[in-house]
Amino acid sequence: MATKSSSDRYGSVAIAIHWSSATAVILAWLAGFTVANALPVGQGSGLLLAHITLGLIVLALTLLRIVWWLVADRHPQAPAGQPRWQVRLAQLVHVCLYILLVLMASSGVVTLILSGAVPTLLAGGPVPDFSELIPRVAHGIMSRILLVLLAGHVGAALWHQVVRRDHLLARMGLGRA
């Protein structure tokens, strides 16, 4: 497989960034959701540290992805026969995902700075109550928007694969074209 993308398939770098990002986003969301909603108040400092670490990894991968597209690679062409509005909607969803991931990481970092919680968390202390901090509130709202965008992204990929049968997932390294 080529490092860079071709006209009909993503290259190995783009594929690795995509699947690494997807995995990190899902794990970060699960860890954050668990700390915020499923654990007793004050518990889960280790899980919160994992959430923070994964969030920083997502930020790094998102920035790497943006730089990769701007400097070194190009997206493959849209699948044959795809209506223009679908191409534009897919582009919009991808741009919104990139922006949202950067904003979410930023709001998480600002929440940590404003709360001063890092030393406490690193020492294994209790998870502070972040609920009154505006960046944390924004972080929670953006996590819900992220879920909607991800559901649309996955749904569209599955629609291409199952309904249109245009083997779109093969472009991302899953299956054959």
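Leaving aside neighbours within four places in sequence, which residues is R65 in contact with? The close-up views below, taken from a predicted model, begin with this residue.

**View 1. Surroundings of R65 in helix 2.** R65 lies in the helix that spans residues 45–72. Once its neighbours within four places in sequence are set aside, the contacts of R65 are I17, H18, S21 and Y98. The arginine is buried, yet R65 takes part in no salt bridge. D73 carries the nearest side chain of opposite charge, at a distance of 10 Å from R65. A salt bridge requires a side-chain nitrogen within 4 Å of a carboxyl oxygen, so the separation of 10 Å between R65 and D73 does not qualify.

**View 2. The salt bridge between D166 and R164.** The structure holds one salt bridge. The side chains of D166 and R164 form a salt bridge, with an N to O distance of 3.8 Å. D166 has a relative accessible area of 24% and is partly exposed. R164 is likewise partly exposed, with a relative accessible area of 26%.

**View 3. A nonpolar patch on the surface, including L158.** The patch is formed by V154, L158, W159, V162 and V163. Together, these residues have about 460 Å² of accessible area. L158 is placed in helix 5, which covers residues 134–164. The relative accessibility of L158 is 45%, and the residue counts as partly exposed. Because patch residues must have over 30% relative accessible area, L158 at 45% meets that cut-off.

Technical notes. Residues are numbered from 1 along each chain as its sequence is written. This is a predicted model: local features need pLDDT of at least 70, side-chain atom pairs count only at pLDDT 80 or more; totals for chains, interfaces and linings use all residues. Side-chain values use heavy atoms; hydrogens and water are left out. Helices (H or I, at least four residues) and strands (E, at least two) are DSSP runs, numbered from the N terminus. Buried means under 20% relative accessible area, exposed over 50%, partly exposed in between (1.4 Å probe, protein chains only). Lys and Arg count as positive and Asp and Glu as negative; His and the chain ends are not counted. Contact means heavy atoms within 4.5 Å. Patches are made of residues with over 30% relative accessible area and no salt bridge: like charges are joined within 9 Å, nonpolar side chains (Val, Leu, Ile, Met, Phe, Trp, Tyr) within 5 Å. Accessible areas come from the Shrake-Rupley method with a 1.4 Å probe; for residues, only the protein chains shown count as cover.
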